[in-house]
Structures are given as C-alpha cells and as structure tokens.
Amino acid sequence: LRLTSLLTGTAGKTEFLVYFQPILQADTENLYSCEALMRFRTSAGDFLNTQRMIEAAEASGMILDVGAWMLKSAMSDYMAMGRNTDGIHLNLNLSPKQAQSSRIYADIDAAIEATGMPLNRLVFEVTEGLFLNNDQETISFLEWIRKNGGKVVIDDFGTGYSSFSYLRKLPVDGIKVDRAFITNMDQDDDALAVVRSILAVAQALGLEVTAEGVETLAQRNILRDLGCTYLQGYLYSKAVPNSELAGFIQRAN
Ligand code: G
Ligand code: G
Ligand code: NA
Ligand code: MN
C-alpha cells in the first residue's frame with residue numbers, strides 16, 4: 001500500500017503536513033479554536049486527496065501510527081506559534097479505530113508531554129459511528145478526556161445514525177453540524193428546518209454547536225440568530241499552513 005511506503009519514507013519525499021482552519025465564537029467573531037487537518041504533499045508539489053488517504057490509513061490499520069504522528073505534530077506546530085495561540089483551543093480529529101485503540105491514552109499523553117500543550121485546550125472531534133456498538137471502553141476514554149478538562153464533539157452531525165434521545169446519554173460537550181445542512185440553509189427550507197431543530201435540541205441538552213462550512217454572511221446571520229455557538233468555514237478562512245495562520249491570528253487581535 002502507498003501509505004506504507006509514505007510512512008517509511010520510501011515513496012520519495014511525500015510530506016505529511018498539518019493545516020489549520022479557524023473556528024470563531026459566533027457572537028463576537030473572536031477566534032475560539034483552530035481545527036488541525038492533515039495534508040499530503042508529493043515531491044512534485046501536488047496535494048493528495050486527504051479523505052482518501054485517511055480512508056487508506058484506516059483500512060490498512062496504519063491510522064494508529066498516522067494518528068499518533070498527527071496528534072504530536074499538530075500540537076507541536078501549534079505551540080511553535082507561541083503567544084499567537086495562547087488561550088486558543090485546538091480541535092483534533094480522531095478516527096473511530098484510533099479512539100477505540102488501547103494505545104490512544106499513551107499517544108495523547110506522549111504528545112502533550114512532548115509539546116506542553118495542555119489537555120484543557122484540546123477539543124477532540126469524533127464521528128457518530130464511534131457510538132454504534134455502545135462500547136464501554138470508548139465511553140470511558142471520552143470521559144477520561146472530559147475529566148481532564150478536554151472537550152469532545154461529534155463531527156459531521158446529522159449524517160450518521162445518532163438520534164436525539166441517544167445524544168442525551170453521550171459524554172460529549174457539543175456537536176458540529178455537517179456542512180451539507182449549512183450549505184443549503186439559505187436556499188432550502190428543509191435544510192433550514194433541520195438546522196433549526198438541531199440547534200433547539202442541542203440548546204435544550206446544554207450542548208455547544210459548531211456550524212461548519214459557513215460561506216456567506218446570510219448563513220452567518222441565520223446561525224447567530226438561532227444561537228449557534230461557533231462558526232467555521234470559508235467565510236473566515238480555509239485550512240492554511242501555520243505560517244499563514246500566525247498572520248490570521250495577528251490580524252484578529
Ligand atoms: O480538510 P479536508 O476537507 O480535506 O478533510 C477531508 C477529510 O479528512 C475530513 O473528513 C476530515 O475530517 C478528515 N481529516 C483531516 N485530517 C484528519 C486527521 O488528522 N485525522 C482524521 N481522522 N481525519 C482527518
Ligand atoms: O469531516 P470534516 O468536517 O472534518 O471535514 C472538513 C472538510 O470540509 C475539510 O476538507 C475542509 O477543507 C472542508 N471545508 C471547511 N470549510 C469549508 C467551507 O466553508 N466550504 C466547503 N465547501 N468546504 C469546507
Ligand atoms: Na473534523
Ligand atoms: Mn466535520
């Protein structure tokens with residue numbers, strides 16, 4: 001598999017990179033966090049499709065090594081921005097396999113130890129699929145994060161199987177409403193109704209809501225009026241390398 005040669009460095013100089021995409025407080029538009037997103041750049045300078053690469057890593061089991069690399073690199077790059085990222089959270093994506101592996105505690109501990117990034121500024125993004133088997137070890141892991149001051153949010157919310165009644169029982173702090181609903185919200189009444197309902201339920205359950213894929217001021221205004229907590233999307237910034245993120249943060253201050 002390609003990824004094996006990538007990881008062992010036998011595929012030329014394909015680089016693993018960490019990009020960052022800002023997440024803003026919806027009411028003030030102050031910077032709340034940045035989501036770390038993996039990028040794969042070939043020696044020719046082309047970017048490989050991230051989703052396909054992640055899927056290949058999951059299928060081959062290499063996601064555990066790739067994920068551990070990602071945790072440490074994202075925290076390290078983030079801390080290297082120094083004062084710029086003081087007090088700002090860092091969102092990290094966890095694959096289900098990664099979150100369910102027994103080494104996840106050690107991987108997180110090692111990354112924190114190596115970089116000095118405090119756990120109470122980390123937000124872990126997991127997908128609804130993680131909760132399908134109702135596995136007690138998964139629940140314990142998420143509770144461990146939250147006991148230590150970290151947060152857990154459900155990514156791509158609305159695309160999977162989670163029901164609202166189930167949501168109430170999960171050890172999570174919030175949800176990220178899938179981009180598909182946000183994209184269509186200002187043209188499609190059904191999409192707007194879904195976003196409205198999700199926000200109403202989340203608020204009733206005391207959950208924070210992030211809207212992802214916010215591209216227009218019209219979408220921003222609707223989301224603010226509905227009491228959405230955080231906003232993320234091209235309206236503010238795409239995912240950028242840390243060199244560009246530092247500039248973005250300075251302009252925001
Ligand atoms: O940023 P972009 O739209 O290219 O991301 C494509 C997909 O890859 C998204 O579903 C995103 O969540 C996922 N992804 C990006 N970085 C990581 C990562 O570090 N870990 C995991 N598990 N998924 C990631
Ligand atoms: O699965 P996850 O939500 O982590 O995937 C995020 C993906 O969405 C990334 O590939 C990212 O580049 C992309 N993305 C982020 N913001 C926007 C946006 O405003 N519009 C669009 N079309 N894609 C976005
Ligand atoms: Na994500
Ligand atoms: Mn998402």
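The largest nonpolar core of this predicted model has 63 residues, and Ala74, Leu90 and Val177 touch the most other members. Helix H3 gives the most to this core, with 7 residues.

**Helix H3 and its surroundings**

Helix H3 covers residues 63-80. At 1.5 Å a residue, its 18 residues should span 26 Å, and the C-alpha atoms at its ends are 25 Å apart, which agrees. Many positions of H3 can be named as buried: Ile63, Val66, Gly67, Met70, Leu71, Lys72, Ala74, Met75, Asp77 and Tyr78. Ala74 therefore appears both in this buried list and among the core members that touch the most others, a core being built from buried residues. The helix is followed by Gly82, whose phi is positive, near 60°.

Which residues does Leu90 touch, not counting residues up to four places away in sequence? They are Ser33, Cys34, Ala36, Ala74, Met75, Tyr78, Met117, Arg121 and Leu122. Of these contacts of Leu90, Ala74, Met75 and Tyr78 are buried residues of H3.

The loop between H3 and strand E4 (89-93) holds Asp86. Is Asp86 buried or exposed? Asp86 has 9 C-beta neighbours inside 10 Å, and because a residue with 12 or fewer is exposed, Asp86 counts as exposed. In sequence, Asp86 and Arg121 are 35 residues apart, while in space their C-alpha atoms are 9.7 Å apart. Arg121 is also one of the residues that Leu90 touches.

**The two ligands**

The residues around ligand 1 are Leu37, Met38, Thr50, Gln51, Ile54, Met70, Asn93, Ser95 and Ala239. Strand E2 (31-41) and helix H2 (50-60) are the elements that give two or more residues to this shell, and H2 gives the most, with 3 residues. Met70, listed around ligand 1, is also a buried residue of H3.

Around ligand 2 there are 13 residues, of which Gly213, Glu215, Gly233, Tyr234 and Ala239 come nearest. Ala239 is thus named for ligand 1 and for ligand 2. The table sets out the classes of residue in each shell.

| Shell | Nonpolar | Polar | Charged |
|---|---|---|---|
| Ligand 1 | 5 residues | 4 residues | no residues |
| Ligand 2 | 4 residues | 4 residues | 5 residues |

The shell around ligand 1 has no charged residues, whereas the shell around ligand 2 has 5.

**Confidence of the prediction**

The protein chain has a mean pLDDT of 91, and 94% of its residues reach 70 or more. For the complex, the predictor gives an ipTM of 0.95 and a pTM of 0.95.

Technical notes. Residues are numbered from 1 along each chain as its sequence is written. Chains are lettered from A and ligands numbered from 1 in the order in which they are written. This is a predicted model: local features need pLDDT of at least 70, side-chain atom pairs count only at pLDDT 80 or more; totals for chains, interfaces and linings use all residues. A residue is near a molecule or strand if its C-beta atom, placed from the backbone, lies within 6 Å of it. Helices (H or I, at least four residues) and strands (E, at least two) are DSSP runs, numbered from the N terminus. Ala, Val, Leu, Ile, Met, Phe, Trp, Tyr, Cys and Pro count as nonpolar, Asp, Glu, Lys and Arg as charged, and the others, Gly among them, as polar. pLDDT is the predictor's confidence in each residue, from 0 to 100. The expected span of a helix is 1.5 Å times one less than its number of residues. A residue is buried if 20 or more other C-beta atoms lie within 10 Å of its own, exposed if 12 or fewer, and partly exposed in between; C-beta atoms are placed from the backbone. A nonpolar core is a set of buried Ala, Val, Leu, Ile, Met, Phe, Trp, Tyr and Cys residues joined through C-beta atoms within 7 Å. Two residues are in contact if their C-beta atoms, placed from the backbone, lie within 7 Å.
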